[in-house]
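Biologist: Hi! Could you walk me through this model in plain words?
Modeller: Happy to, let's open it up.

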Amino acid sequence: MNIVLLGSPGVGKGTYANILSKKYNIPHISTGDIFREAVKKRTKLGRKVKEFLDRGELVPDYITIQVVKERSEKYDAKEGFLLDGFPRTINQAEKLEEFKKIDKVLNFVAPEKAIMDRLSGRRVCKKCGAIYHIKYMKPRVEGVCDKCGGELYQRSDEKPKIIKKRLKEYSRKTKPLIDYYKKKGLLANINSNFPIEKVDKIISQCELALEK
Ligand code: AMP
């Protein structure tokens, strides 16, 4: 099953995608993760996209679409995939249809206040990428990853000024996708306004929607 995950930055798509990926045995393809990894490794792609990520702006479509096309055509995605962070514009959605048929779109919904809170408190392990939150998912020792002992840091695009910009970009360019997929009869809204320890409530809504 080819699934698209929609929802504002910070709504928790990455966390839900990881769980769903194991449940359905299909890869979690996150364009944000692919770009961040490329920047970290200073690859050719990383050098091209760094400035956009640092500013909280969208990477140009011609780069992003090619990245997704290549990744979604790999062997591990032959039974399906969970697309997280793509498409983000109507143009990307139209281009996606040219190489993959989408079966379902899960749209994660939470109030803006909860989103700001989640994003600004999020911390990520430098070594293994595990995600924490300074209020809701504290590590045992402040600033240190429980899993690997790595140092926790705040993503440069999760400082308040950049968060605001990313949310604005989302409203302007990505929200229209909700209507786009609704008209195609593919959209399922998932109420994501639950604390992280209630993640099963969110996953069961996804399962119901995917069984339909
Ligand atoms: P994310 O982790 O999904 O919030 O993505 C982090 C950053 O990667 C975004 O702020 C963009 O700069 C870039 N990015 C991720 N996905 C896309 C996309 N589909 N189109 C353009 N830029 C993207």
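Modeller: A word on labels before we start: helices and strands here are DSSP runs, numbered from the N terminus, with at least four residues for a helix and at least two for a strand. Please also keep in mind that this is a predicted model.

Biologist: Got it. Where does Arg42 sit, then?

Modeller: Arg42 is in the loop between H2 and H3. Its phi is positive, about 55°, although Arg42 is not a glycine.

Biologist: Is Arg42 buried or exposed?
Modeller: Exposed: its relative accessible area is 66%, and the cut-off for that word is over 50%.

Biologist: What about Asn25, what is its phi?
Modeller: Asn25 also isn't a glycine, and its phi is positive at about 55°. You'll find Asn25 in the loop between helix H1 (13–24) and E2. With a relative accessible area of 66%, Asn25 counts as exposed.

Biologist: Let's go to helix H2. Which of its residues are buried?
Modeller: H2 covers residues 31–41, and its buried residues are Thr31, Phe35 and Ala38. They span an arc of only 60° around the axis, so they sit on the same side of H2.

Biologist: And what is on the face turned away from that buried side?
Modeller: Two exposed lysines, Lys40 and Lys41, are carried there.

Biologist: What do the buried residues of H2 pack against?
Modeller: Four elements: strand E2 (28–30), helix H3 (44–55), helix H4 (61–72) and strand E3 (81–84).

Biologist: Since H3 came up, which residues of H3 are buried?
Modeller: In H3 the buried ones are Gly46, Val49, Phe52 and Leu53. Their arc around the axis is only 130°, which places them on the same side of H3. H2 and H4 are included in what covers them. Right after H3 comes Gly56, with a positive phi of about 75°.

Biologist: Changing topic: which residues are closest to the ligand?
Modeller: The ligand is surrounded by 16 residues, and the closest are Thr31, Glu57, Gly85, Arg88 and Arg166. Thr31 is also one of the buried residues of H2 that we just met.

Biologist: How far is the polar side-chain atom of Thr31 from the ligand's nitrogen atom?
Modeller: The distance is 2.7 Å. A polar backbone atom of Val59 lies 3.0 Å from a nitrogen atom of the ligand. Then there is Arg166, with a polar side-chain atom 2.9 Å from an oxygen atom of the ligand.

Biologist: How much of the ligand's accessible area does the protein cover?
Modeller: On its own the ligand has 480 Å² of accessible area, and the protein covers 95% of that.

Biologist: Which elements give two or more residues to the shell around it?
Modeller: Those are H2 and H3. H2 gives the most, with four residues.

Biologist: How do the shell residues divide into nonpolar, polar and charged?
Modeller: Six are nonpolar, five are polar and five are charged.

Biologist: I'm curious about Glu158. Where is it found?
Modeller: Glu158 is in the loop between strand E7 (152–153) and helix H7 (160–174).

Biologist: Why does Glu158 count as buried?
Modeller: Because its relative accessibility is 0%, and buried means under 20%.

Biologist: What does the Glu158 side chain make a polar contact with?
Modeller: With the side chain of Arg122, at 2.6 Å. Leaving aside neighbours within four places in sequence, Glu158 touches Leu119, Ser120, Arg122, Ile163 and Arg166. One of those, Arg166, is the residue with a polar side-chain atom 2.9 Å from an oxygen atom of the ligand.

Biologist: Nice link! Which residues does the cis peptide bond join?
Modeller: It joins Phe86 and Pro87, with omega about -5°. Pro87 is in the loop between E3 and helix H5 (90–99).

Biologist: Last one: is Lys212 buried or exposed?
Modeller: Lys212 counts as exposed, at 83% relative accessibility. You'll see Lys212 in the segment after helix H9 (199–211). Its C-alpha atom is 10.0 Å from that of Ala188, and the two residues are 24 apart along the chain.

Technical notes:
Residues numbered from 1 in each chain as written. Predicted model: local features only at pLDDT ≥ 70, side-chain atom pairs only at ≥ 80, totals over all residues. Heavy atoms only, no water. Buried < 20%, exposed > 50% of the residue type's maximum accessible area, 1.4 Å probe, protein only. Arc of directions from axis to C-beta. Contact = heavy atoms within 4.5 Å. Near = heavy atom within 4 Å. Polar contact = N/O pair within 3.5 Å; in protein donor to acceptor, adjacent residues only side chain to side chain. Areas by Shrake-Rupley, 256 points an atom, 1.4 Å probe, with all protein chains shown as cover. Nonpolar A, V, L, I, M, F, W, Y, C, P; charged D, E, K, R; others polar.
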